[in-house]
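Here is a short briefing to read with the model open beside you. The points are grouped by topic, so feel free to jump to the part you need.

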Amino acid sequence: MIKHIVFWNIRNDENKENNMKEMRKKLTSLVGIVPGLISAEVGFNYNPKGYDVALYSVFESKEALDGYQVHPEHLKVKEFVHSVITERACADYEI
């Protein structure tokens, strides 16, 4: 199994809260659509020193994660995400 963890800071404007909720909806909706994506959990950080949003996802394999990166539905979500973020950090690891 592969864990894929991503952190984002969201553009600080009047749409920030709505953009965070839309990110959660779009990212979690990919479960059952992208082959090999077992789960996706999105949380909003309350620690003022950290990133705004965290994605914790689990994939069957590295190949499944690679497929996710180029899957057309993920690319649509990614386009939205990149339109509302200011920073990103990511870690992928196998267990």
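**Lys-16 and its surroundings**

Leaving aside neighbours within four places in sequence, Lys-16 is in contact with Ile-10, Arg-11 and Asp-52. Keep in mind as you look around that this is a predicted model. Lys-16 has its place in helix α1, and one of its contacts, Asp-52, is also its salt-bridge partner. The bullets below start from that pair and then move on to other salt bridges, a helix pair, a surface patch and a few distances through the fold.

**The Asp-52 and Lys-16 pair**

- In the salt bridge between Asp-52 and Lys-16, the closest N and O atoms are 3.4 Å apart.
- Asp-52 sits in the loop between β2 (37–44) and β3 (53–59) while Lys-16 sits in helix α1, so the pair ties together parts that are 36 residues apart in sequence.
- From C-alpha to C-alpha, Lys-16 and Asp-52 are 9.7 Å apart in space.
- Are these two residues buried or exposed? Both Asp-52 and Lys-16 are buried.

**Ile-10, a neighbour of both**

- Ile-10 belongs to strand β1 (residues 2–10).
- With a relative accessible area of 4%, Ile-10 is buried, because buried means under 20%.
- Not counting residues up to four places away in sequence, Ile-10 touches Lys-16, Asn-19, Met-20, Met-23, Asp-52, Val-53, Val-84, Ile-85 and Thr-86. Both partners of the salt bridge just described, Asp-52 and Lys-16, are therefore among the residues that Ile-10 touches, where touching means heavy atoms within 4.5 Å.
- Ile-10 and Glu-94 are 84 residues apart in sequence, and their C-alpha atoms are 28 Å apart in space.

**Other salt bridges**

- How many salt bridges does the structure hold? There are seven of them.
- Asp-66 forms a salt bridge with Lys-62, and the closest N and O atoms are 3.2 Å apart.
- Asp-66 and Lys-62 are four residues apart in helix α2, so about one helical turn separates them.
- Asp-66 counts as partly exposed, at 40% relative accessibility.
- Glu-73 pairs with Lys-76 in another salt bridge, where the closest N and O atoms are 3.0 Å apart.
- Helix α3 holds both Glu-73 and Lys-76, which are three residues apart, or about one turn of the helix.
- Glu-73 is partly exposed at 30% relative accessibility, whereas Lys-76 is exposed with a relative accessible area of 53%.
- Elsewhere, Glu-22, Lys-25 and Lys-26 are joined into one network by salt bridges that share partners.

**How helices α2 and α3 meet**

- Two packed helices are described by the angle between their axes and the distance between the axes.
- The axes of helix α2 (residues 62–70) and helix α3 (residues 72–84) come within 5 Å and cross at roughly 60°.
- At that angle, α2 and α3 are therefore oblique to each other.
- Which residues meet here? Tyr-68, Gln-69 and Val-70 in α2 meet Pro-72, His-74 and Leu-75 in α3.

**A nonpolar patch on the surface**

- Met-1, Ile-38, Tyr-56, Tyr-93 and Ile-95 form a nonpolar patch on the surface.
- Together, these five residues have about 480 Å² of accessible area.
- Tyr-93, one of the patch residues, is found in strand β4 (residues 85–94).
- The relative accessible area of Tyr-93 is 38%, so Tyr-93 is partly exposed.

**Two more residues to locate**

- Lys-21 is found in helix α1 (residues 16–28), and it is partly exposed, with a relative accessible area of 45%.
- The C-alpha atoms of Lys-21 and Gly-43 are separated by 9.5 Å, with their positions 22 residues apart along the chain.
- Ser-83 is found in helix α3 and counts as partly exposed, at 40% relative accessibility.
- Ser-83 and Ile-33 are 50 residues apart along the chain, and 22 Å separates their C-alpha atoms.

Technical notes: Residues numbered from 1 in each chain as written. Predicted model: local features only at pLDDT ≥ 70, side-chain atom pairs only at ≥ 80, totals over all residues. Heavy atoms only, no water. Patch = residues over 30% accessible without salt bridge, like charges linked within 9 Å, V, L, I, M, F, W, Y side chains within 5 Å. Areas by Shrake-Rupley, 256 points an atom, 1.4 Å probe, with all protein chains shown as cover. Salt bridge = Lys/Arg side-chain N within 4 Å of Asp/Glu carboxyl O. Helix = DSSP H or I, 4+ residues; strand = E, 2+ residues; numbered from the N terminus. Buried < 20%, exposed > 50% of the residue type's maximum accessible area, 1.4 Å probe, protein only. Axes fitted to C-alpha atoms, helices over the stretch in contact; angles between N-to-C directions. Parallel < 35°, antiparallel > 145°, perpendicular 65-115°, else oblique.
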